[in-house]
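Reader: I am new to this structure and would like to get to know it through a few questions. Could you walk me through it, please?

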Amino acid sequence: MENLTVIVLAAGGGTRMKSKTMKVLHPVAGRSMIGHVLRAVQAVEPERIVVVVGNQREQVGPHITSLVPDALLAVQETQDGTGDAVRVALDAAAAAGPVTGTVLVSAGDTPLLRGESLREFAADHAASGRAVSILTGRVRNPFGYGRIVRDADGSVLAIVEEKDASAAEREIDEINSGILAFDADFLRSALPRLSNDNANGEYYLTDTVKIAREDGLTVGGHLIDDVTETEGANDRAQLAELGRQMNARIVTAWMKEGVTVMDPATTWIEDDVVLERDVTILPNTQLLGATVVREDAVIGPDTSLKDCEVGVGARVLRTHAELAVVGESATVGPFSYLRPGTQVGRSGKVGAFVEAKNAVLGDGAKVPHLSYVGDATIGEGTNIGAGTIFANYDGVNKHHTVVGAHARTGSNNTFIAPVTIGDGAATGGGTVVREDVPPGALAVPGAKQRVIEDWVLERRRGTKQADAASRAHQVTGEVTGDSDGSE
């Protein structure tokens with residue numbers, strides 16, 4: 001909208017959260033509370049956005065600018081009330097250019113607020129010519145809220161707080177949301193007239209209603225359809241409830257887009273997740289971060305995916321995965337753990353009790369059972385036998401293993417990285433592969449175990465491993481000396 005300035009209040013301490021994290025930074029559905037508010041504000045396309053910061057601004061400021069780089073930050077050094085916060089914001093905005101038209105003020109802890117609702121509110125205010133407009137809502141139990149008192153023509157006479165309300169006023173179910181819109185010229189003239197002569201010694205923005213009425217100007221209310229959009233969170237219990245409501249909104253929206261959700265009550269989908277039609281989500285599933293699930297895929301039950309991509313027709317069950325890619329028609333699970341960097345190719349398989357990290361499985365490659373695949377590339381069509389360990393760590397550095405295409409490795413193998421197993425090669429059960437296996441060759445277990453004395457003391461000097469070995473040698477020497485009678 002032309003000539004629209006939006007001020008977001010985010011300076012309060014949020015002490016009831018009892019957290020080292022600033023209140024507005026607490027996440028709801030994978031996005032900070034203030035992140036949700038800023039997205040709603042951006043939908044209005046204002047001329048400028050000013051965010052008032054104060055407590056823990058070293059946390060809040062960088063977060064805001066990472067989301068909205070051109071947002072102005074206004075610092076409220078001491079929290080002297082909402083009126084003072086808006087004064088600080090208006091000064092910051094004026095320093096960047098003239099503030100005219102409409103000034104909309106919103107709180108930073110209302111994550112359910114929709115951009116459409118703000119647009120309707122701002123448009124209604126601009127069209128009405130009012131000095132002040134209040135976004136209001138109706139609630140079943142208005143206890144604790146400021147009541148909206150209207151006169152016969154529907155204009156707002158006052159906002160009456162709970163402690164100041166008469167018995168008749170307490171029966172009013174229309175409440176103040178804390179989101180207001182002002183004519184910029186009126187707001188500029190009203191702020192210096194606010195008084196802090198109250199129990200808290202603060203300047204209240206809502207006192208502008210009284211000032212406007214005294215000036216003979218119009219004050220009105222715009223009733224929002226869904227009052228839950230204006231709800232904030234002051235403690236962890238309220239935060240959890242907002243999360244539940246947001247999740248219900250997200251899950252419902254995806255079901256309307258053609259996604260099957262077997263049990264919405266046990267399904268959690270964060271805000272940035274993308275789902276295609278005909279995806280099926282089974283109970284006790286969490287889709288987090290920037291996860292993308294393509295059509296006809298089935299996810300769950302008992303599955304958690306964070307920042308993952310799942311291809312068309314893939315099946316992922318009883319699995320935890322993060323920063324992993326599951327290809328088209330691939331299967332993962334049950335009880336699989338895909339760590340960052342794992343890629344399962346088209347029609348590939350990661351089976352029961354398999355952990356994979358920084359591993360790339362080619363199309364049709366399979367790791368069916370009870371294996372650890374770390375830092376590996378497995379070629380297309382290859383099958384890895386049950387109980388296989390890719391020994392990628394030598395105690396100091398990580399190393400990579402390559403298994404070629406259409407290889408067949410036996411059960412209970414250990415691949416001592418770095419090692420390469422060629423295309424079409426095979427390994428026998430129980431093989432410890434220490435050297436490269438040529439294409440088409442068979443590697444089998446053979447040589448008797450060889451023990452290299454004092455290898456750790458020579459090669460891992462100064463490590464805890466070497467210290468432990470040294471202490472053990474000392475103890476063993478004492479025992480041996482006692483047993484053979486030597487002095």
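Author: Gladly! One term first: a residue is called buried when its relative accessible area is under 20%, exposed when over 50%, and partly exposed in between. Please also keep in mind that this is a predicted model.

Reader: Let me try that term out. Is His222 buried or exposed?

Author: His222 has its place in strand 11. Its relative accessibility is 17%, and the limit for a buried residue is under 20%. Therefore His222 counts as buried.

Reader: Which residues does His222 touch, leaving aside those up to four places away in sequence?

Author: Some of the contacts of His222 are Ile134, Leu135 and Thr136, and strand 7 covers residues 132-138. The rest of the list is made up of Glu120, Phe121 and Asp124. In full, then, His222 touches Glu120, Phe121, Asp124, Ile134, Leu135 and Thr136.

Reader: Let's stay with strand 7. How many of its residues are buried?

Author: Strand 7 runs over residues 132-138 and is mostly covered. Of its seven residues, the number buried is six.

Reader: In which sense does strand 7 pair with strand 11, parallel or antiparallel?

Author: Strands of a sheet pair through backbone hydrogen bonds, in either of the two senses. Strand 11 covers residues 219-223 and joins strand 7 over five bridges. In one of them, Val132 has Val219 as its bridge partner. The sense of this pairing is parallel.

Reader: And which residue of strand 10 stands opposite Ser133?

Author: Strand 10 takes in residues 174-183, and it pairs with strand 7 in the antiparallel sense over six bridges. Opposite Ser133, in strand 10, stands Ala181.

Reader: Which residues does the UniProt annotation "binding site" cover?

Author: The annotation comes from an unreviewed UniProt entry and covers two positions, Asp109 and Asn234. They span 126 residues in sequence, yet their C-alpha atoms are no more than 8.5 Å apart, so they gather at one spot. Asp109 also touches several residues, among them Lys23, Glu231 and Asn234. The residues covered by the annotation are Asp109 and Asn234.

Reader: Is Asp109 buried or exposed?

Author: Asp109 lies in the loop between strand 6 (102-107) and helix 4 (115-128). Its relative accessible area is 12%, and the limit for this class is under 20%. Asp109 is therefore buried.

Reader: Now for charged pairs. How many salt bridges does a search of the whole structure find?

Author: One example is the pair Arg170 and Glu162, whose side chains meet at 3.6 Å, N to O. Arg170 is partly exposed at 36% relative accessibility, whereas Glu162 is buried at 15%. Over the whole structure, the search finds 24 salt bridges.

Reader: Which helix holds both Asp185 and Arg188?

Author: The side chains of Asp185 and Arg188 meet in a salt bridge of 3.1 Å, N to O. The two are three residues apart, about one turn of the helix. Arg188 is partly exposed, with a relative accessible area of 37%. The helix that holds both, residues 184-190, is helix 6.

Reader: With which residue does Arg346 form a salt bridge?

Author: The closest N and O atoms of this pair are 3.6 Å apart. The pair links distant parts of the chain, 17 residues apart, with Arg346 in the loop between strand 26 (343-344) and strand 27 (349-352). At 43% relative accessibility, Arg346 counts as partly exposed, and its partner is partly exposed at 34%. That partner is Asp363.

Reader: Which residues form the nonpolar patch on the surface?

Author: One member, Phe335, is found in the loop between strand 24 (331-332) and strand 25 (336-338). Phe335 counts as partly exposed, at 46% relative accessibility. Together the members have about 340 Å² of accessible area, and they are Phe335, Phe353 and Leu370.

Reader: One last question: which strands stand at the edges of the open sheet of three strands?

Author: The order in this sheet is 33-36-38, with parallel pairing. The edge strands each have a single partner strand, so one side of each is left without a neighbour in the sheet. Strand 36 (residues 426-427) is joined to strand 38 by two bridges, and in strand 38 the partner of Thr427 is Ala443. The edges are formed by strand 33 (408-409) and strand 38 (442-443).

Conventions. Residues numbered from 1 in each chain as written. Predicted model: local features only at pLDDT ≥ 70, side-chain atom pairs only at ≥ 80, totals over all residues. Heavy atoms only, no water. Buried < 20%, exposed > 50% of the residue type's maximum accessible area, 1.4 Å probe, protein only. Helix = DSSP H or I, 4+ residues; strand = E, 2+ residues; numbered from the N terminus. Pairing = 2+ DSSP bridges. Patch = residues over 30% accessible without salt bridge, like charges linked within 9 Å, V, L, I, M, F, W, Y side chains within 5 Å. Areas by Shrake-Rupley, 256 points an atom, 1.4 Å probe, with all protein chains shown as cover. Salt bridge = Lys/Arg side-chain N within 4 Å of Asp/Glu carboxyl O. UniProt positions renumbered as here; feature names shortened; annotations may be inferred. Contact = heavy atoms within 4.5 Å.
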